[in-house]
Every structure is written in C-alpha cells, then in structure tokens.
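Here is a short set of exercises to work through with the model open beside you. Try each task before you read its solution.

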Amino acid sequence: MAVGPMVYDNQSSAHLTGALRQVTSAYALCGAALMSSFSFFAPELVGLIASSRYAGSASLVGMTTASALVYGGNMLFPGLWLARRTRLIAACYIAYAVLLVLCLALGMHLAGLHGLAAGVLFANTAYLALVAALSRQALPVKPDMACIGIAGAATVA
C-alpha cells in the first residue's frame with residue numbers, strides 16, 4: 001500500500017503506467033512467494049506465535065495471507081482515484097461490503113471457520129477484479145499476464 005502515495009505524487013509522469021505494470025508484476029510474484037512460504041511453514045509459524053491450542057488454525061494461514069495480499073493489491077489500480085470518480089469508488093465499496101457479508105454468511109454456514117476464510121478471499125478477489133477493471137478504463141495499465149500466471153500457479157501449488 002506504500003505505492004499509493006508515490007502514484008499520486010507522480011500521476012503526471014509519462015512513465016506511470018509502465019511503473020505500475022512493473023510494480024504489479026513484482027507484487028504478484030513476491031506475494032505468491034510469501035503466501036507459499038507462509039503456507040508451507042504454517043504449523044511452525046502458528047507454534048511460534050501462538051500456543052498449541054491454535055495448532056488447528058495452521059490450515060488457515062495460506063488463505064488469510066492470500067486474502068490480505070489480494071485486498072492490498074487494489075492500490076495497484078489507482079485509475080478511479082486519479083480520475084476522482086468518487087461515486088463509483090463508493091459504489092465499489094458498497095458492493096464489496098454486501099458481497100463480503102454474503103460470502104461470510106454462506107462460508108460460515110457451509111464450512112465453518114474455513115468457510116469464513118474462503119468467503120473473505122472470494123470477496124476480496126471479486127473486489128480487486130472489479131476495481132482493476134474499472135480503474136483500467138480511467139488509467140489503462142495492462143498487467144504482465146505471464147507474471148500473474150506464474151504467481152497464480154505458485155499460489156495454487
């Protein structure tokens with residue numbers, strides 16, 4: 001999220017879209033590595049940070065890490081903010097809030113705690129996709145799909 005202030009400071013730069021493409025690629029690849037590492041070492045991380053009573057929560061580390069990274073990725077698509085599309089931004093937040101509540105309720109009903117984590121991940125992913133699509137209309141930034149594909153494959157693996 002530290003990218004946000006730098007984007008606003010350099011919004012008139014001709015190199016902004018290229019820099020955002022590079023930052024998006026780096027974010028995806030580093031995020032996939034972080035999420036994969038956290039998932040792989042989840043039992044050790046939970047044991048290090050919490051007591052043994054929380055050992056069962058280790059399976060949630062990957063999903064919660066991915067969820068946080070996906071939500072943080074919305075700062076990589078600042079087109080709506082730069083274009084001052086405040087009503088559309090507000091509508092995106094409202095849609096996200098409604099989707100999040102629905103996904104949490106459905107996830108809790110279907111799969112308990114793991115369903116909650118999956119619901120948050122789904123809602124965050126949908127929100128990021130919406131913001132990215134709308135933002136690209138105001139500030140055309142084409143992400144490097146090869147890096148996104150590698151990051152996605154690493155995350156799934």
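The exercises below go from the whole chain to single residues and then to empty space.

**Before you start.** This is a predicted model, in which local features need pLDDT of at least 70 and side-chain atom pairs count only at pLDDT 80 or more, while totals for chains, interfaces and linings use all residues. Residues are numbered from 1 along each chain as its sequence is written, and side-chain values use heavy atoms, with hydrogens and water left out.

**Exercise 1. Describe the fold and the confidence of the protein chain.**

Step 1: Count the elements, taking helices (H or I, at least four residues) and strands (E, at least two) as DSSP runs numbered from the N terminus. The chain has seven helices and zero strands.

Step 2: Look at the extent. The C-alpha atoms fill a box of roughly 50 × 30 × 25 Å along the principal axes.

Step 3: Check burial, where buried means under 20% relative accessible area, exposed over 50%, and partly exposed in between (1.4 Å probe, protein chains only). Of the 157 residues, 34% count as buried.

Step 4: Read the pLDDT, the predictor's confidence in each residue from 0 to 100. The average is 88, and 99% of the residues score at least 70. Among the elements, α1 has the lowest mean, 75, and helix α6 (residues 86-138) the highest, 94.

**Exercise 2. Test the length of α2 and find what its buried face meets.**

Step 1: The expected span is 1.5 Å times one less than the number of residues. For the 25 residues of α2 (residues 16-40) this gives 36 Å, and the end C-alpha atoms are 35 Å apart, which agrees.

Step 2: List the buried residues of α2: Leu16, Leu20, Thr24, Ser25, Ala28, Gly31, Ala32 and Met35.

Step 3: Look for contacts, meaning heavy atoms within 4.5 Å. These residues pack against α1 (3-9), α4 (61-72), α5 (79-82) and α7 (145-156).

Step 4: Zoom in on Thr24, which has a relative accessible area of 6%. Leaving aside residues up to four places away in sequence, Thr24 touches Leu76, Phe77, Pro143 and Ile148.

**Exercise 3. Decide whether Cys92 and Cys147 are in disulfides.**

Step 1: Apply the rule that a disulfide is a pair of cysteine sulfur atoms within 2.5 Å.

Step 2: For Cys92, the closest cysteine sulfur is in Cys103, 16 Å away, so the distance is too far for a bond. For Cys147, the closest is in Cys30 at 10 Å, again too far.

Step 3: The count for the structure is zero disulfides. Both cysteines are nevertheless buried, Cys92 at 4% and Cys147 at 14% relative accessibility.

**Exercise 4. Map the largest pocket and the largest cavity.**

Step 1: Set the terms. On a 1 Å grid over the protein atoms alone, a cavity is a set of points where a 1.4 Å probe fits but cannot get out; a pocket is an open set with protein on both sides within 12 Å along at least five of seven lines; lining residues have an atom within 4 Å of a point. Points are joined across faces, edges and corners, and a volume is the space filled by probe spheres set on them.

Step 2: The largest pocket holds about 730 Å³. Its lining has 30 residues, and Ala28, Val70, Leu128, Ile148 and Thr155 are the closest to its centre. The largest share of this lining, seven residues, comes from α2.

Step 3: There is one cavity of 30 Å³ or more, with a volume of about 60 Å³. Its lining includes Trp81, Cys92 and Tyr127, and α6 gives the most, five residues.
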